Amino acid sequence: MEDTISIQQVLLQYGSLDERTEDRKGNSRFIKYLRAEGHTVYDCTDDIGKTENANLVNIVKNCNSHTVDLDVSIHLNSGRNDLSGDNSTGGVEVFIYDKSSNSPVEEAERVCAAISKKLGLHNRGVKVCGNNLYVVAKTKAPAMLVSAVLLMIRTTQTDGMLRNVLKPL
């Protein structure tokens with residue numbers, strides 16, 4: 001059975017990175033790679049919301065306008081203050097609503113382990129977030145938020161990283 005996936009990528013603005021520019025570059029690559037693997041993918045990125053809350057509401061509205069097997073939100077974070085570009089890694093974790101039979105527990109574990117192994121990031125594991133993450137809590141389909149602390153502000157591993165993030169999906 002072909003998987004149907006909606007995807008939203010969030011890349012925080014940090015240092016010299018522009019959130020909107022980097023987000024769109026990565027998002028189009030994610031979609032391209034998933035489609036090449038035979039998946040139906042919907043881009044649920046929001047370009048209208050002017051506040052964080054409006055952005056999240058619009059993303060969920062976009063996601064819920066499609067019937068999908070899985071909603072995946074990718075959050076690329078450079079949260080270690082790696083302004084010198086030391087290429088050190090932080091970690092990767094995947095957030096899910098709960099560990100019920102409807103939740104993508106196995107998929108989340110595979111994604112977390114694969115990213116950790118392939119990119120040398122610390123595997124922080126799968127975390128249950130309940131209602132604490134709006135997109136995970138409010139989408140109709142089972143959802144996960146992949147959060148990778150990449151710390152690679154000054155490196156050029158983006159394309160390979162994107163391919164490796166997608167393989168376990």
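Let's start at a single residue: Ser65 is exposed, with a relative accessible area of 53%. Ser65 sits in the loop that links helix 2 (52-64) to strand 3. Keep in mind that this is a predicted model. From Ser65 you can hop across to Tyr42, which is 23 residues away in sequence, with 9.9 Å between the two C-alpha atoms.

Step back for a moment and take in the whole chain. Its secondary structure adds up to five helices and six strands. Read from the N terminus, the elements go β-α-β-α-β-β-α-β-α-β-α. The chain has 169 residues, and 48% of them count as buried. Now look at the contacts with a separation of 6 or more: 77% of them join residues 24 or more positions apart.

Back to helix 2, just before our starting loop. With 13 residues at 1.5 Å a residue, helix 2 should span 18 Å, and its end C-alpha atoms are indeed 18 Å apart, so expectation and model agree. Its buried residues are Asn58, Ile59, Val60, Cys63 and Asn64. Asn58 is worth a closer look. Its relative accessible area is 19%, and the cut-off for buried is under 20%, so Asn58 counts as buried. Leaving out residues up to four places away in sequence, Asn58 touches Asp46, Ile48 and Gly49.

Next, follow the chain to strand 4, where things get crowded. Six of the six residues of strand 4 are buried, so this strand is largely enclosed by the rest of the structure. Gly91, Glu93 and Phe95 point one way from the strand, Val92, Val94 and Ile96 point the other way, and all are buried. Take Phe95 from the first of those groups: its relative accessible area is 18%, which means it is buried. What does Phe95 touch, not counting residues up to four places away in sequence? The list is Lys127, Cys129, Leu133, Val136, Ala143, Met144, Leu145 and Ser147. For Glu109, 14 residues from Phe95 along the chain, the C-alpha separation is 10.0 Å.

Strand 4 also has a partner. Residues 91-96 of strand 4 and residues 122-128 of strand 5 pair in the parallel sense, over six bridges. To get from strand 4 to strand 5, the chain passes through helix 3 (residues 105-119), and this β-α-β crossover is right-handed. If you want to check the register of the pairing, Gly91 stands opposite His122 in strand 5, and Val94 has Val126 as its bridge partner.

That brings us to helix 3 itself. At 1.5 Å a residue, its 15 residues should span 21 Å, and the end C-alpha atoms are 21 Å apart, so the numbers agree here too. Which residues of helix 3 are buried? They are Val105, Ala108, Val111, Cys112, Ile115, Ser116 and Leu119. These residues cover an arc of only 135° around the axis, so they lie on the same side of helix 3. The general geometry helps here: an α-helix has 3.6 residues a turn, so residues three or four places apart point the same way. On the other side of helix 3, Glu106, Lys117 and Lys118 are exposed. Just after the helix, Gly120 takes a positive phi of about 70°.

Finally, let's put the buried pieces together. The largest nonpolar core holds 18 residues, and the ones that touch the most other members are Val92, Val94, Ile115, Met144 and Val146. Strand 3 (70-77), strand 4, helix 3 and strand 6 (143-149) each supply at least two residues of this core. Helix 3 gives the most to it, with six residues. There is also a second, separate core of five residues, and among its members are Cys44, Ile59, Val60 and Cys63. Three of those names should ring a bell: Ile59, Val60 and Cys63 are among the buried residues of helix 2, back where this walk began.

Note on methods: Residues numbered from 1 in each chain as written. Predicted model: local features only at pLDDT ≥ 70, side-chain atom pairs only at ≥ 80, totals over all residues. Heavy atoms only, no water. Pairing = 2+ DSSP bridges. Helix = DSSP H or I, 4+ residues; strand = E, 2+ residues; numbered from the N terminus. Right-handed = clockwise from strand over helix to strand, strands pointing away. Expected span 1.5 Å × (residues − 1). Buried < 20%, exposed > 50% of the residue type's maximum accessible area, 1.4 Å probe, protein only. Arc of directions from axis to C-beta. Core = buried A, V, L, I, M, F, W, Y, C linked by side-chain atoms within 4.5 Å. Contact = heavy atoms within 4.5 Å.
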